[in-house]
Amino acid sequence: MTASYRAARAFTLLEIIIVVGLIAALAGALIVNLKDSDRAAKIKIEENYLTSGIDVPLMNYRLSTGTYPTTSQGLAALLQKPADFRGKWRGPFTKHPLVDSWGSAYNYRFPGEHFESQPDIWSSGPNRINEDGAGDDINNWDQ
């Protein structure tokens with residue numbers, strides 16, 4: 001083989017740099033899109049959990065004790081007997097502390113402001129700011 005034949009078959013350094021740059025740009029765009037998908041998926045998971053998933057341990061607590069935990073007892077009452085609880089407690093009603101997809105504890109209120117006979121439960125959302133009107137809170141009454 002002649003030198004000109006081998007040179008014609010090889011990639012130049014510039015071609016390799018261009019290909020690596022294109023791969024990096026595509027990978028960057030993919031990562032950005034996956035990050036947005038991850039956020040949307042977590043929000044959907046929280047919406048579903050707050051409207052149906054959290055009901056099971058709360059209903060078990062209510063069936064066992066006759067009522068939902070009070071606001072002061074909170075969702076911690078599903079894990080351990082509240083200090084102010086009088087009567088037979090048949091828990092725990094869940095194995096793990098109830099936290100949202102961003103690692104924050106759920107907010108809980110019973111009696112609720114949005115339901116007469118059920119608790120209000122909400123996540124502070126991705127920004128983890130627990131304020132009314134913060135914009136990204138996820139709750140069990142708007143679903």
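Visitor: In strand 3, which residue is the bridge partner of Trp122?
Guide: Let's start with the words: helices (H or I, at least four residues) and strands (E, at least two) are DSSP runs, numbered from the N terminus. Strand 2 and strand 3 pair in the antiparallel sense over two bridges, and two strands pair if DSSP finds at least two bridges between them. Across from Trp122, the partner in strand 3 is Asn139.

Visitor: What pLDDT do local features need in this model?
Guide: Residues are numbered from 1 along each chain as its sequence is written, and side-chain values use heavy atoms, with hydrogens and water left out. This is a predicted model in which totals for chains, interfaces and linings use all residues, side-chain atom pairs count only at pLDDT 80 or more, and local features need a pLDDT of at least 70.

Visitor: What pattern does the protein chain follow along the sequence?
Guide: There are three helices and three strands to place. Read along the sequence, they give α-α-α-β-β-β.

Visitor: Which strands sit at the edges of the sheet?
Guide: Strands of a sheet pair through backbone hydrogen bonds, either parallel or antiparallel. Here the three strands make an open sheet in the order 1-2-3, with antiparallel pairing. Pairing on one side only makes a strand an edge strand, and that fits strand 1 (107–109) and strand 3 (138–139).

Visitor: Over how many bridges do strand 1 and strand 2 pair, and what stands opposite Arg109?
Guide: Strand 2 covers residues 120–123, and its antiparallel pairing with strand 1 runs over three bridges. The residue of strand 2 opposite Arg109 is Asp120.

Visitor: Which residues join Arg109 in one salt-bridge network?
Guide: A salt bridge is a side-chain nitrogen of Lys or Arg within 4 Å of a carboxyl oxygen of Asp or Glu. Arg109 meets Glu113 with the closest N and O atoms 3.8 Å apart, and meets Asp120 at 3.4 Å, N to O. Asp120 lies in strand 2 and Arg109 in strand 1, so that pair ties together parts eleven residues apart in sequence. Through shared partners, the network joins Arg109 with Glu113 and Asp120.

Visitor: Is Asp120 buried or exposed?
Guide: Buried means under 20% relative accessible area, exposed over 50%, and partly exposed in between (1.4 Å probe, protein chains only). Its salt-bridge network mate Glu113 counts as exposed, at 63% relative accessibility. Asp120 has 0% relative accessibility, which means that it counts as buried.

Visitor: With which residue does Glu47 form a salt bridge?
Guide: An α-helix has 3.6 residues a turn, so residues three or four places apart point the same way. Glu47 and its partner are three residues apart in helix 2, about one helical turn. Glu47 counts as partly exposed at 22% relative accessibility, and the partner is partly exposed too, at 48%. With the closest N and O atoms 3.7 Å apart, that partner is Lys44.

Visitor: Within what arc do the buried residues of helix 3 fall?
Guide: The buried residues of helix 3 are Pro57, Leu58, Tyr61 and Ser64. They line one face of the helix, because their directions, taken from the helix axis to the C-beta atoms, fall within an arc of 130°.

Visitor: Which buried residue of the loop between helix 3 and strand 1 touches Pro57, Leu78 and Leu79?
Guide: Touching here means contact, that is, heavy atoms within 4.5 Å, and residues up to four places away in sequence are not counted. The residue we want counts as buried, at 17% relative accessibility. In the loop between helix 3 and strand 1, the residue that touches those three is Thr94.

Visitor: Which prolines follow a cis peptide bond?
Guide: Most peptide bonds are trans. One cis bond starts at Gly91, with omega about 5°, and another starts at Phe110, with omega near 5°. The residues that follow are Pro92 and Pro111.

Visitor: Which residues make the nonpolar surface patch of about 330 Å²?
Guide: Patches are made of residues with over 30% relative accessible area and no salt bridge: like charges are joined within 9 Å, nonpolar side chains (Val, Leu, Ile, Met, Phe, Trp, Tyr) within 5 Å. One member is in the loop between helix 1 (3–9) and helix 2 (13–53), and is exposed at 67%. The members are Phe11, Ile16 and Val20.

Technical notes: Accessible areas come from the Shrake-Rupley method with a 1.4 Å probe; for residues, only the protein chains shown count as cover.
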